[in-house]
There are 2 protein chains.
Amino acid sequence: MTNLDIGASLKAVRKLKGLSQRELAKRAGVTNSTISMIEKNSVSPSVSSLKKVLSGIPMSLVEFFSIGESASSEQKIVYRADELLDIGTGPLEFKVIGRDYPNRAMSVMSETYPPGADTGEEMLKHVGEEAAMVITGKFELTVGDEIFILEAGDSYYFNSELPHRFRNPFDEPCHLVSATTPANF
Amino acid sequence: MTNLDIGASLKAVRKLKGLSQRELAKRAGVTNSTISMIEKNSVSPSVSSLKKVLSGIPMSLVEFFSIGESASSEQKIVYRADELLDIGTGPLEFKVIGRDYPNRAMSVMSETYPPGADTGEEMLKHVGEEAAMVITGKFELTVGDEIFILEAGDSYYFNSELPHRFRNPFDEPCHLVSATTPANF
DNA sequence: TTACAGTGTTCATTTTATTTAACATACTTG
DNA sequence: CAAGTATGTTAAATAAAATGAACACTGTAA
């Protein structure tokens, strides 16, 4: 199944961050030789030290091992900006991508929340997972009892069973691209 | 962040399978004392031996650590712009949203294709569905024998079994937000 | 050129993990 | 009850990983 070339993976991840062995070692609180030997697969690091090393990236163990695993008609395909189906009301835009794709596994949407928009005090709750990235503007996300303010470039991913709410208390519209599974729309 | 009580996790997983320490040890090819000490957290196993132990379950390292994370329930929800894990190479950006969400159903990513970027002449093909919206720039999408040019605001949704290719033959980088299911990354 | 700071690698030593072989306890079952 | 066979734990011996201090190499500035 998995190749699990820890050495190569670590090296790739480290290079990706533009760190030298010594730099990463310093951040992680281990010695440079430890990193050298791990990357050369001349040792199999202990979980604790691998965790320490990854903390210098930073990266979790799940992420690290996940990366190792992936290294990998008639139907309408492209939807032009003005072709998207808007299922929102008024200034609230909910534009569905792939609206006529039969039995879609996901709802991918371009959403625009005008100032004042709010999904309501009654928190949303449903099966599935949802994620999105903010393109422009800011908005307030509540998940469980946590409240976040997200700005352009920020993103989220959570289980939709957690009670959640979207709100735009700011004075400019917020645009985001979202994905949910299974398809709700 | 993560508790990562390896001992407790291993014990839970083992019990779940109804195995004794010795039984698991035999299947995994390690000694029973190894398992005892790991479960008591009196050692931090090496990755190789932990992998051996899990092979007796059987269970992958990703799965194992995922369990630990969900058990400690400190799941991250919001990812700031600079926190996204970039798994691209060089100027090619592939930023994963919800990177350590255990057993994600989707890969939602922020992708940036620099001028000249190309997934190659060998067309991509895999199970699942994928969709995206272009945020800035333009790029060329090939699906089957159709070629599309997509600009900001345009989007696509197609079955990943259809051979496809991404290319940026233009002179400015192209940024898009994509979603694929199942999770490839 | 020389000196210097960066890179990754190697080796002897120290620290830690793993095995081997025992131990104590609990539960059968004859 | 006693003998047998599970269970998980532990101590000393062995094997392996982590450290500390070197080494060789590169590029750069004086």
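**Helix 2 of chain B and DNA strand C**

Colleague: Which residues are buried in helix 2 of chain B?

Modeller: In that helix, residues 21-28, the buried ones are B:Leu24, B:Ala25 and B:Ala28. Buried means under 20% relative accessible area, exposed over 50%, and partly exposed in between (1.4 Å probe, protein chains only). Helices are DSSP runs (H or I, at least four residues), numbered from the N terminus.

Colleague: Why do they line one face of the helix?

Modeller: Seen down the axis, the buried residues of helix 2 of chain B fall within an arc of 105°, so they line one face. The arc is taken from the directions from the helix axis to the C-beta atoms.

Colleague: And what sits on the face turned away?

Modeller: That face of helix 2 of chain B carries the exposed B:Arg22, B:Lys26 and B:Arg27.

Colleague: Is this a predicted model, or what is it?

Modeller: It is predicted: local features need pLDDT of at least 70 and side-chain atom pairs pLDDT 80 or more, while totals for chains, interfaces and linings use all residues. Residues are numbered from 1 along each chain as written, chains are lettered from A and ligands numbered from 1 in written order, and side-chain values use heavy atoms, without hydrogens and water.

Colleague: New topic: what does A:Arg22 do at DNA strand C?

Modeller: A polar side-chain atom of A:Arg22 lies 2.6 Å from a base nitrogen of the strand. A polar contact is a pair of N or O atoms within 3.5 Å.

Colleague: Which atom of the strand is 3.0 Å from the side chain of A:Ser36?

Modeller: A phosphate oxygen of DNA strand C, paired with an N or O atom of A:Ser36.

Terms used: Helices (H or I, at least four residues) and strands (E, at least two) are DSSP runs, numbered from the N terminus. A polar contact is a pair of N or O atoms within 3.5 Å; within protein, one must be able to donate a hydrogen and the other to accept it, and residues adjacent in sequence count only if both atoms are side-chain atoms.
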